Amino acid sequence: MAYTDIDPHLVAPKRFVTLSHLSQVEQADYPALQDSTGLSTSDLSRILRDLEGRDLVEISKERKNRYGATLVRLTPEGRRTFQNLVTTLNRIAGY
């Protein structure tokens, strides 16, 4: 139970709240993510590109009515990684 068990990249507040929201839903669109995380469009885009590069999320574009929608979901690896992170944090905190 050492601090080295925690990925500092994923516990950064903006990434953590994004992963947390995505772990509670099957998928989310940008407005829902922005609303739940309080992040700006540019912050959210940067974070999601980074998480996608780590194969933790997948991003897809869809047509909704006449407008496009960007949908984001955790990959199976992303879901496992986040669950392991939360388990590790709880273990270190004594829960």
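Strands count as paired here when DSSP finds at least two bridges between them. The model is predicted, so local features are described only at pLDDT of at least 70 and side-chain atom pairs only at 80 or more, while totals for chains, interfaces and linings use all residues. Residue numbers start from 1 along each chain as its sequence is written, and side-chain values use heavy atoms, without hydrogens or water.

**View A. The whole chain, as a map for the close-ups.** The protein chain holds 4 helices and 3 strands (DSSP runs numbered from the N terminus: H or I of at least four residues for helices, E of at least two for strands). Reading from the N terminus, the elements follow the order α-β-α-α-β-β-α. Along the principal axes, the C-alpha atoms fill a box of roughly 50 × 25 × 25 Å. The protein chain has 95 residues, and 33% of them are buried (under 20% relative accessible area; exposed is over 50%, partly exposed in between, with a 1.4 Å probe and protein chains only). Among contacts with a separation of 6 or more, 52% join residues 24 or more positions apart (contact: heavy atoms within 4.5 Å).

**View B. The three strands form an open sheet.** Its strand order is β1-β3-β2, and the pairing is antiparallel. β1 (28–29) and β2 are the edge strands, each with a single partner strand, so one side of each has no neighbour in the sheet. Between β1 and β3 there are 2 bridges, again in the antiparallel sense. Here you can pick out Ala28, whose bridge partner in β3 is Val72.

**View C. β2 and β3 make a hairpin.** Strand β2 (residues 57–64) runs antiparallel to β3, and the two share 8 bridges. Follow the ladder through Ser60, which has Leu71 of β3 as its bridge partner. Further along, Lys64 is bridged to Tyr67, also in β3. The hairpin leaves 2 residues between the strands, and Asn65 in the turn takes a positive phi of about 55°.

**View D. The largest nonpolar core draws on helices and a strand.** This core has 18 residues, and Leu22, Leu33, Leu51 and Val72 make the most contacts inside it (a nonpolar core is a set of buried Ala, Val, Leu, Ile, Met, Phe, Trp, Tyr and Cys residues joined through side-chain atoms within 4.5 Å). At least two core residues come from each of α1 (13–23), α2 (30–37), α3 (41–53), β3 (67–74) and α4 (76–93). The largest share, 4 residues, belongs to α3.

**View E. Leu33 and its surroundings.** Which residues does Leu33 touch, leaving out those up to four places away in sequence? They are Thr18, His21, Leu22, Ala28, Gly38, Leu44, Leu48 and Val72. Two of these contacts tie back to earlier views: Leu22 and Val72 are, with Leu33 itself, among the core residues with the most contacts. Val72 is also the β3 bridge partner of Ala28.

**View F. Gly38 sits in the loop between α2 and α3.** With 63% relative accessibility, Gly38 counts as exposed, and it is also on the contact list of Leu33. For a distance to check in your viewer, try Gly38 to Thr18: the C-alpha atoms are 9.7 Å apart, with 20 residues separating the two in sequence.

**View G. Pro13 belongs to helix α1.** Its relative accessible area is 65%, so Pro13 is classed as exposed. The C-alpha atom of Pro13 lies 9.8 Å from that of Thr37, although the two are 24 residues apart along the chain.

**View H. Asp55 has a positive phi in the loop between α3 and β2.** The angle is about 60°, and the residue is not a glycine. A relative accessible area of 53% makes Asp55 exposed. For a companion view, return to Asn65 in the hairpin turn, where phi is positive as well, at about 55°.
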